[in-house]
Each structure stands twice: as structure tokens, then as C-alpha cells.
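Reader: Please take me through the terms used for this model. I want each label set against its rule.

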Amino acid sequence: MNVPPKKRLGPLLLIAPAAILLGVFLVLPYLNIVVMSFRMPGQGTPYGPGFTLGNYGKFFSDFFYIQQVINTLWIGFLTTFLCLILGYPVAWQLARGASAFRAVGYALVLSPLLVGIVIRSYGWTILLGNNGIINRTLTGWGLIDGPLPLMYNALGIIIALVHVFLPFMILPIMSAIQGIDPSLEAAARSLGASKVTSFRRITLPLSLPGIQAGCILVFVLSLSAYVTPSLIGGLRVKTMAVTVVDALIDTFQWPFGSALALMLSVTGAIVVVIFGRLTVMKWKA
Amino acid sequence: MTEVSIEKLTKDYGQGPAVNSISIRIAEGEFISLLGPSGCGKTTTLKMIAGFEDATAGAIRFDGRDVVAVPVEKRDIGMVFQNYALFPHMTVEKNLAFGLEMRKTPKDEIRIRIAKVLDMVQLTGYSERYPRQLSGGQQQRVALARALVIEPKILLLDEPLANLDAKLREEMRVFIRDLQRRVGITTVYVTHDQAEAMTMSDRVVVMFGGRIAQIGTPSDIYERPANLEVAEFVGQVNIIRGKVGNRVVSTAFGDVPVSGDFADGAELMLALRPEAVELLPINSGAMGAQAKVLSSYYSGSLVDYRLELAGGVVVNVQTFPRTRFADGEQVLVHAPADRFWPLGSAA
């Protein structure tokens, strides 16, 4: 079919600003990173002349880096899982609860996003440190002898990340549950299902698109989180994002840092694709 | 088969009763409609029968046993919702199996019963489809099948045809009625469509403002309405006024004999359905009152006339289009005395 040129131009014009913005500030830098990851390490310069596979060789030959990827993935998995467990009931309440709760609850869920991530992460150091509020209180009450190791470990990072990313889990699930016709639950009840069964067989599977979106968001955000892991993990526990920044800024190894950054992106992408495959919903199409 | 008895059932949300002490006895296998405008309490009543709403007061008995305290899932009802409420993530087969699985029916029997019910709603071969792959009418039949396959005590339908187009709606009316007769299940049907209620029901319960205005067969409701509200709700009606004297009401149609105790001199309202009036040419020599045609509307099988009688009384008349009368033409109108139904004294 022949479409008049004017009509074809319309949609293009509409997406042009976003496309240009993304092209210039995302795609081009990304390509630059890909190229950078194959460059030779430099002496006093960001990179040397010529190309090499050595940066990737270094990554795969040193178990230290593989271990870091695994740690980062684990932190991502656990953060995502905890956000799901903690966030789902809240999302359900926001979608289906009493209207008085809904307005307040919605404000409460969104309010952490109004405070900068640096400030929130510092807040957690005040709470979680060896001399922090939690340890001092517990010691003061005589419940523990010495401080619990809440900071400079994966536990502390996960606690803080869960707090930071919880809204990104709650909001998509809430909107998915809001999209479920309440008469479906009524129909399940009329067919003999208890409230629990009707939730398990109807509401939960139908909110899967929200769960899927929330999990992908939180997981990806956890993998790439930098501020929280670097403040709470300190020097002892490092995630990939922290190591990448170390390589780029502290040790000035741009090619190797680029290779690390890409390996992080690729592993994250692989996990997301596998997750998408596992949670494919035939009924949606 | 189950007899349902509703006794002084009341629902109050705190702003005055939405359902006000209504009582209905529904016989085994009876098809009963709750008819009324939105907000009349018909849906609330259905929800209380189903168990989705708690009754503020009163009793609901299935075969004599009060079920007010029994939760929805233990009431053994089959319900069809206005929007069908098919589970979108399950195939037709899974939708139909759901209620049977809840009853722990063995797998073999589930298969047999699904095949049987699919045959009954003429959807054999559709078991692997998802709801979104079905037309509105097909979804409707799956919803019916899902409610019936569990062989419930009663079948409850909440405006099930409201979302269908006119032609399909008429088909489904007949379909549901036939199916209900064949299965012989006690059925409560909620609708605001009087034609639907009349064509399908054994008896119709007309509700206004949380109260029952009238319970009766479709012809009771239509031909002998309990009051003006009912008369006007179930179809078009002319209200003819006249003074009572000597057991006759003198109206623009002439003297109409009435039975019943009406004091002489009282002003009475008589209901007269548009199709009860006969229209004749002015020169036909028949008995009747003179009237002038104000306007007419032709709709194929019928013609609607607006006529003006002596004293400026305007009536609507519906006839077959055998003889057409022009606007402004003088005609004779006649209605049999037994088609005038007294509604009581005019306010």
C-alpha cells in the first residue's frame, strides 16, 4: 500500500526528539564503551595504541572478578526476592484495601523517592554501623554482647537496597492488581474457592505481569546500584558496579573498566531474558 | 432442585435500607426475575442470596435451611456475572474445571462433565481456547456452562445479557430460558430490561427503592400492574383519568365499567396499554370515540400513533400497519372494557 509521505513522516517526527537524545547520550557512549573494552591499557593515558582481547582475558582468568559477578547477582536476586515478599502485600493493600489506607499508603510508598539516594544510604550507615543506633540499642538492652555485623557486608547492602528499591516493586504490582476485575475473585468464590484459594489461583497468576515488571526493575537497578553498595559495603564487600568505578577512576584503567562494565551488562541481560522466558504468559499474547 | 425462601430480607449500608424487608418464595425449578431501575436493590438482593453481601436482617433459606451465615463458597450456587468474569489466564476447559476441582471431583468425571456441558451450550471443540479468543456470545455461554457444570442448588444471573448487542441478546434469552427448563434449576435473574424479564420468567418481582412493588407472572405485571410506577416501568402505558359514578368511570373513551370498591365521585387512574386500543376509519360506523392523529412512527412490524381525544386527552396507540392513517386525520378509537386496569385514585 502506498502511504503518502506526509503520513509516514508524522510518527518519525514524534519520536525524533527521544531518538536523538537516546542516540547521542546512550547508544554512542555505549558503542564507545564497547570499542574501549578492546583497547590496550595505557601508561599514564586512558588507553594505549592498538586493540586486544586481553581485558576480557583478565576478567575470565581471574576468579576474583567472576566471584564478584556472582556476588552481585546474588545480592540482586536476594534484593529482588525480598522486595517481592515485602512489596506484594503492600501493593495488594494499595490496590484493594480500604480507601482511607490507600491514599496514605500511596504517599508513604512514594515518599522515600523524594529523598536523595545518597542521603538515604548515609541514613542506613547511621542505623547499621557497629556504633549505629541498632547495635547500640541492642547492646544497651543487654540483648547482645558485641555489635552485630550489619554493615560492610552483603546483608547491609541488601537491607539498604530493599529499602531503596521497594517502590519499584510495589508500583507495578499495584497497577497490575488494580487491573484485575474484582468479579473474577467473586466468580472463583461462587465456584467454591476459599479466599486463599481464589487469591492463589486467580489474583496471583493474573498479577504476574506486575510481578515480572517489578522483579526486572528491581533486579536491574540492584545490579547497577553504585551509591548504596559503595557506602554500606565499604572496602570489604564490592559489587561489580563499585569495581567498575574503581577501575575507571581509582586505577585509571579505562579499557579494563569498560570490559567489566560490559560483562555486568551482559550477565544482567542474560538473567532478564531467562527470567522473561520462565515467566512467559501464554494467555496474554 | 431447591426451593428458595427469602424472609424479611434487609440490607442497610448506613444510609437507609437499600433492600427493605423483602420476602419472596421461589419454587423448585422456578425462573424468577428481579426487575427494577438501577438502585432499586435487585442486585443487592442477588448478592445477599449469593453470599457476597451480608444481610442486615432477615433470612434466606435453601430448602428450609437458613444460609445467611454460610460463606459464598459453601452455598453451592452457580453465578453468571454481567461481564462474564471468565478467568482470562485459563482455557475454556480450565474455566469449566475450576468449580469441579474445588469440589474434589475425580479427573475422569471432570472430563466427562465438561464434555457434556460444552455440548449443552454448543461449544464442543472450544475447550482449548482462551476467553479472549471467543466472541461475546460464546463467552456468555462459557460463563453459563461454568455455573451449571457444578450442578449448583440455584443459578443466579446478574444482568448477563447487558453487554451483548440486540440481536444476540434475543437469541441468548431463548437459549438461557430453554437451558434452564431442560436443567430444571431454580433460577434468579436480575435485569432492568422489562422485555427480558417478561419473556424469560415464570414470575417477575418488580422492585422500587428497596421494596417489592409487585410479584406476579409476566401477564399479571403487564396487564394488572399494582400501581402507576409498575405500569410505567413495564412497557408503555396510557394513563386515562375519569370520575367514578355508578360503577362506571367516565373517560375520554366513554364510560368504562370497573369492578372494585371505588367511591362515587372519586377520580380514578386507568392504565391502558397502547396495543390494546383499536383504530378504525371515521366512516366505519363502528362504536368508538373520535380522535385526531397527531403523529405516527412506522417501525416495520408496527406503527405508533399519537392521538388526541376529546378534551385534549393524548394517548399513544400501537397497531399493525394494515391501514395507515395520515397526520391530522380523524379516526375512531376503541378499547375493550377489560383492557382498562384501575390503578387507584388519582393523587
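Author: Start with pairing: two strands pair if DSSP finds at least two bridges between them. The strands, like the helices, are DSSP runs numbered from the N terminus (strands E, at least two residues; helices H or I, at least four). This is a predicted model, in which local features need pLDDT of at least 70, side-chain atom pairs count only at pLDDT 80 or more, and totals for chains, interfaces and linings use all residues. Residues are numbered from 1 along each chain as its sequence is written, while chains are lettered from A and ligands numbered from 1 in the order in which they are written.

Reader: How do you know that β16(B) and β19(B) pair?

Author: Strand β16 (residues 289–298) and strand β19 (residues 330–334) of chain B share four bridges. The rule asks for at least two, so they pair. The sense is antiparallel. B:K292 stands opposite B:Q330 in β19(B).

Reader: How many bridges join β16(B) to β17(B)?

Author: Seven, with the strands running antiparallel. β17(B) covers residues 303–309. B:S296 faces B:Y305 across this pair. The two strands form a hairpin with four residues between them. In the turn, B:G300 has a positive phi of about 90 degrees.

Reader: What makes β15 and β18 of chain B edge strands?

Author: Each pairs on one side only. The open sheet runs in the order β15-β19-β16-β17-β18, with antiparallel pairing. β15 spans 278–281 and β18 spans 314–319. Six bridges join β17(B) to β18(B), and B:L307 stands opposite B:V315 there. On average, neighbouring strands in this sheet are turned by 45 degrees against each other, direction ignored.

Reader: Why is one side of β6 and of β10 in chain B left without a neighbour in the sheet?

Author: β6 and β10 (211–216) stand at the edges, each with a single partner strand, so one side of each has no neighbour in the sheet. This open sheet has six strands, ordered β6-β7-β8-β3-β9-β10, and its pairing is mixed. The average turn between neighbouring strands is 20 degrees here, direction ignored. β6(B) runs parallel to β7(B) (residues 154–158) over four bridges. B:I77 stands opposite B:I154 in that pair.

Reader: Why are α3(A) and α4(A) called oblique?

Author: Their axes cross at roughly 140 degrees and come within 8 Å. Axes are lines fitted to C-alpha atoms, for helices over the stretch in contact, and angles run from 0 to 180 degrees between N-to-C directions. Under 35 degrees is roughly parallel, over 145 roughly antiparallel, 65 to 115 roughly perpendicular, and the rest oblique. The pair α3(A) and α4(A) is therefore oblique. α3(A) is residues 63–96 and α4(A) is residues 99–110.

Reader: Which residues make the contact of α3(A) with α4(A)?

Author: α3(A) gives A:V90, A:Q93 and A:L94. α4(A) gives A:F101, A:R102, A:G105, A:Y106 and A:V109. Contact requires C-beta atoms, placed from the backbone, within 7 Å. These residues divide into five nonpolar, two polar and one charged (nonpolar: Ala, Val, Leu, Ile, Met, Phe, Trp, Tyr, Cys and Pro; charged: Asp, Glu, Lys and Arg; polar: the others, Gly among them).

Reader: How many residues of chain B are in contact with chain A?

Author: 18 residues of chain B, meeting 16 of chain A. On chain B, β6 (77–80) and α2 (92–102) are the elements that give two or more residues. α2(B) gives the most, with three. The chain B side divides into 13 nonpolar, three polar and two charged residues.

Technical notes:
Two residues are in contact if their C-beta atoms, placed from the backbone, lie within 7 Å.
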